[in-house]
Amino acid sequence: MFRTSNERRDSGRPRSAIHRHVDLDGVRVFYRESVPDRSDAPVLLLLHGFPSASHQFRRLIDALGRHYRLIAPDYPGFGHTQAPDSFTYSFDNLADVAESFVDRLGLTKFVMYIFDFGAPVGLRLAERRPEWIAGLIIQNANAYTEGLSAGARDFIALRPENEGAEDTVRNLLTLPGTRGQYQSGTSKPEMIAPEGWTLDQHFPDQPGRKEAQVALAFDYHTNVARYPAWQTWLRQHTPPTIIIWGRNDPFFPEPGAHAYLHDLPDAELHLFDTGHFALEEHLPEIAPLIAAFLDRVWTPHASVSRA
C-alpha cells in the first residue's frame, strides 16, 4: 500500500478493476476502472501507448485503485475496443473518440496520465477542453522535437507512397519488435513480465488491426506539426505536472523530458534508468509519486457520474 495521506491507514488488499464497454457512434469502447473507497476520490484518466492498451495500467490500478478513481480506455484499433470497418484511423479521430468517452462518463475534471500515443490523444483533448485538466502526469510522452531519437525521426518521415515504407512499419508489428519495445533500455530485463508484450502482440495480430496501426504510423507526422501549439497550451495553462521518464527510451530519449521544463518550469521531474515502458520495471517507485501528486493537486470539484 502507498500511504501518502492521513486517510490511508488501512492495510487492505488492492482493489480489483471493473471492466466495461460503452457504445459511441458505432465504436464499442472497452475500459477498465477502479472503484475507490470514497465516492469523491481524485480521478485519473490513463491514456495508453503503442502497441499496448489499457492492460498496461493493470498493476497501477491494483496499486492505487482503493484510493483513486483510475479510468483506462482502449483506443479504436487497440485492445478490446471494437470499431467498424468504416472507421478512419487518425490521431484526430482517436481524440474524437476519447472526448466522446469522457463526455459519456460525465467526467468534468481529472488528472490525465499520458504515455506515448497518449500524448497526441491527450494533448488534443487538453486543447479542446482545457477546463477538464486538473493536472498532467507525463510518462515518456513526447511533445518536443528534441525528444525524438534519430530512429523516431526516420520512422515519422515514412510516407505510404515511399517504397518499402509499409514493410518498415509492419516489421515493428512483429513479436520481436514488440518485445524489443519493452526490453530496450531496461536495466534489469528480467523484471519485465513477458505477458505484457505477448498480449500486445495478440491484438495487432487480429484481422484488420495491423492496417489500423499502419494508418496511424503514417499519420504520426501530424502530431509533430502540432508540437508548437501544444507547447503554447502548456505555457498558457501551466497545469500542475509531474514528469516521469525512462531515460533510455530508444524512441523518446531523455532530452524530451527536460524539454517540458521550458514551458512548465515548475514541473516535477523524475528520471529512471529504464526504457519506454517505465512502469514495467519501476512501478514500486513510480506509484507513490503518482499518489503523492494526486493528493497534492486534487481539490473538490463538481460531481462526476458513472456510466
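This passage describes the cavities, a pocket, two helix contacts, a salt bridge and two backbone features of a predicted model.

The interior spaces are treated first. The structure holds 3 cavities of 30 Å³ or more, and the largest of these cavities contains about 60 Å³ of space. Its lining is formed by Val29, Leu47, Pro73, Asp74, Tyr75, Pro76, Leu94, Val97, Ala98 and Phe101. By class, 9 of these lining residues are nonpolar, none is polar and 1 is charged. Helix α2, which spans residues 91-105, gives the most to this lining, with 4 residues.

Helix α2 also takes part in a helix contact. The axes of α2 and helix α3 (residues 118-128) come within 9 Å and cross at roughly 65 degrees. In this crossing, α2 passes α3 in a right-handed manner. On the side of α2, the contact is made by Phe91, Asp92, Leu94, Ala95, Asp96, Ala98 and Glu99. On the side of α3, Pro120, Val121, Arg124, Leu125 and Arg128 take part. The residues of this contact divide into 7 nonpolar, no polar and 5 charged. Leu94 and Ala98 of α2 belong to the contact with α3, and Leu94 and Ala98 are also among the residues that line the largest cavity.

A second helix pair is formed by α5 (residues 165-172) and α8 (residues 209-219), which pack at an angle of about 115 degrees, with their axes 10 Å apart. The crossing of α5 past α8 is right-handed. From α5, the residues in contact are Ala165, Glu166, Val169 and Arg170. From α8, they are Lys210, Glu211, Gln213, Val214, Ala217 and Phe218. This contact has 5 nonpolar, 1 polar and 4 charged residues.

Helices α5 and α8 appear again at the second largest pocket, which holds about 320 Å³ of space. Of the 19 residues that line this pocket, the closest to its centre are Phe50, Phe117, Phe155, Leu172 and Phe251. The elements that give two or more residues to the lining are α4 (150-156), α5 and α8. Helix α4 gives the most, with 4 residues. By class, the lining of the second largest pocket has 13 nonpolar, 5 polar and 1 charged residues.

Phe50, one of the residues closest to the centre of the second largest pocket, also marks a feature of the backbone. A cis peptide bond joins Phe50 and Pro51, with omega about -5 degrees. Pro51 is placed in the loop between β3 (43-47) and α1 (58-64). A further backbone feature is found at Asn140, where phi is near 45 degrees, a positive value in a residue other than glycine. Asn140 lies in the loop between β6 (133-139) and α4.

Charged side chains were also examined for pairing. The structure holds 18 salt bridges. One of them joins the side chains of Glu33 and Arg69, with a distance of 2.6 Å from N to O. Glu33 lies in strand β2 (residues 27-33) and Arg69 in strand β4 (residues 69-73), so this pair ties together parts that are 36 residues apart in sequence.

Note on methods
Residues are numbered from 1 along each chain as its sequence is written. This is a predicted model: local features need pLDDT of at least 70, side-chain atom pairs count only at pLDDT 80 or more; totals for chains, interfaces and linings use all residues. Side-chain values use heavy atoms; hydrogens and water are left out. On a 1 Å grid over the protein atoms alone, a cavity is a set of points where a 1.4 Å probe fits but cannot get out, and a pocket is an open set with protein on both sides within 12 Å along at least five of seven lines; lining residues have an atom within 4 Å of a point. Grid points are joined across faces, edges and corners, and a volume is the space filled by probe spheres set on the points. Ala, Val, Leu, Ile, Met, Phe, Trp, Tyr, Cys and Pro count as nonpolar, Asp, Glu, Lys and Arg as charged, and the others, Gly among them, as polar. Axes are lines fitted to C-alpha atoms, for helices over the stretch in contact, and angles run from 0 to 180 degrees between N-to-C directions. A crossing is left-handed if the near helix is turned anticlockwise from the far one by less than a right angle, and right-handed if clockwise. Contact means heavy atoms within 4.5 Å. A salt bridge is a side-chain nitrogen of Lys or Arg within 4 Å of a carboxyl oxygen of Asp or Glu.
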